[in-house]
Protein chains: 2
Amino acid sequence: MARQLIECVPNFSEGRRQDVIEAIVAPFKNRKGCYLFDYRADQDHNRLVVSLVGEPQAICDALLEASRVAVENIDLNTHQGAHPRLGAVDVIPFTPVKNITMDECVELAHSFAKRFNDALDVPVFFYEAASVRPDRTRLEQIRKGQYEALKELVKTDPSRQPDVGTKDRLHPTAGGTVIGARKFLVAYNVNLNTTNKAIADAIAKRVRASGGGFACVKGMGVDLKEKGLVQVSMNIVDYEKTAMYRTLEFIRMEAARWGVTVNGTEVYGMIPAGALLDSAAYYMQIDDFQNEQVLELKLLELMGEQEA
Amino acid sequence: MARQLIECVPNFSEGRRQDVIEAIVAPFKNRKGCYLFDYRADQDHNRLVVSLVGEPQAICDALLEASRVAVENIDLNTHQGAHPRLGAVDVIPFTPVKNITMDECVELAHSFAKRFNDALDVPVFFYEAASVRPDRTRLEQIRKGQYEALKELVKTDPSRQPDVGTKDRLHPTAGGTVIGARKFLVAYNVNLNTTNKAIADAIAKRVRASGGGFACVKGMGVDLKEKGLVQVSMNIVDYEKTAMYRTLEFIRMEAARWGVTVNGTEVYGMIPAGALLDSAAYYMQIDDFQNEQVLELKLLELMGEQEA
């Protein structure tokens, strides 16, 4: 069987104590089948964001070890930070990368949540594709009021109670954890040759789903004062449905309404090869291009087969 | 040390006997560090082309085993085929892919040639970057007259004698082998909305180095009768110097001279990710894009480090 690969970006509520940060990250290092892409601790947010890619089993094993360190060392009753949070292990999203479906990632989220709760006694809330309640799918809905409000609400409000674990109480120090499955997020920003932020705002509204634009796009206007430009900042939540080039050409077309041109664009963070190859094929008018013609992608596939 | 990766596309003079073809290819299969991308036998050419990517040592070990099979089973005195050839193992090019320089690939070609000749007694001619004679670098120069002419010429003509092994005779059945180092060839074709082949010929002449065009481009016009189109067929011999998008936009500009437009393009065979990402970044106006932002490229790097 071809090797399955997922992406996982767990968020932990610790961005200040370096020894705790390193202890949380340690299980992700030098583990067969688990590749630590990056980890960033933010002091103001008091939060640690870890980027992983690898095999589901290896990542889940490492996640459990890392979560144990976080649960034992972080007390939400004293934790303070600028970023909203619900627990020591705040969010764990599973994202399909290769040879695995979204349904399988949902199953993975559900089975890992049970294992996580059995081991650590921290209740779990499911979100996005892994949600088990149609009225509760978004992270913001679940985390509303944060730890402080939710630890009281779960006692009485069924709509705020966890999906896995004891219903009417959070963990006394580690709070709750949100676990789910979602597609890969592409962060793509388009900078415009103007200082008029109202133009970026107007275009952002038109390009995003909520404004009648592309179904898989979230967007907002940003003022890049130091550059003397404005930006349409986007999250493309399903790049296979809404290709990057379509958003760029749409923004170019709308900007022309004010005689404004595109200064440049920015891909923020990681991006799957397919997202860029798709746009390259459009602009270069490449017929019948297969991603496995790309040497590195084919190599990755063969390496996966050889090891499996 | 980061894992070194090369591409190697050895050509063997056997395209008809299936048992011999499979015996030649067998050493490339299921070998750690050697990845068999593809192999194609052509009956008319009576030739086998194998595509490999992997670690230098693993590929060289496999090449020696495969070459022994070819040398023991192919007799150039009875071999016939449409493609020019000099030996049972006709050509072996080494191409840098990752963490290895062209100079290192030249050294690899030279050291492998010695090992190859010691083991099989087949003389070796060096070509392209591995050439040791400034007057003899191109494959066509070395192979001119093919096996039949060269087996006589080596007896008397120093300019046609091999670089490694006995100077004045080829192997009595396996002939000689051309070994070298070269950059990755990108085969990129641009189809034009016209049936007038003279236009493709004229543009091909302008785009290629020999006609005063791009230094790293070879090109010719091709009639695609069944499609009702003509094609500018290119080999880009150094895609890092001459980016694909420049050749496309150049051809588009020249074609406009006749009011002709680009119907589509074709990437033939394998292509390194960097070649397409470079063009994607141009068309999408992406500032400061790093190839390691691509999930699969970063993963490949981390996998190489973990195994090293």
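Biologist: In the antiparallel pairing of β8(A) with β11(A), which residue is the bridge partner of A:Y188?

Modeller: This is a predicted model. In chain A, strand β8 covers residues 186–192 and pairs with β11(A) in the antiparallel sense over six bridges. Within β11(A), A:Y188 has as its bridge partner A:V267.

Biologist: Which strands stand at the edges of the sheet in chain A?

Modeller: The sheet is open and has four strands in the order β9-β10-β8-β11, with antiparallel pairing. Each edge strand has a single partner strand, so one side of it is left without a neighbour in the sheet. From one strand to the next, the twist averages 20°. The edge strands of chain A are β9 (217–224) and β11 (262–268).

Biologist: Which strands does helix α6 of chain A touch?

Modeller: Helix α6 of chain A, residues 197–207, packs on the sheet. Its direction makes about 175° with that of β9(A). The strands touched are β8, β9 and β10 (229–236) of chain A.

Biologist: How are α6(B) and α7(B) oriented to each other?

Modeller: The axes of α6 (residues 197–207) and α7 (residues 244–256) of chain B come within 10 Å and cross at roughly 135°. An angle over 145 degrees would count as roughly antiparallel. The two helices, α6(B) and α7(B), are therefore oblique.

Biologist: How do the residues of the contact of α6(B) with α7(B) divide?

Modeller: α6(B) passes α7(B) in a right-handed crossing. The contact involves B:I203, B:R206 and B:V207 of α6(B), with B:F250, B:I251, B:E254 and B:A255 of α7(B). These residues divide into five nonpolar, no polar and two charged.

Conventions: Residues numbered from 1 in each chain as written. Chains lettered and ligands numbered in written order. Predicted model: local features only at pLDDT ≥ 70, side-chain atom pairs only at ≥ 80, totals over all residues. Heavy atoms only, no water. Axes fitted to C-alpha atoms, helices over the stretch in contact; angles between N-to-C directions. Parallel < 35°, antiparallel > 145°, perpendicular 65-115°, else oblique. Left-handed = near helix turned anticlockwise from the far one by under 90°. Contact = heavy atoms within 4.5 Å. Nonpolar A, V, L, I, M, F, W, Y, C, P; charged D, E, K, R; others polar. Pairing = 2+ DSSP bridges.
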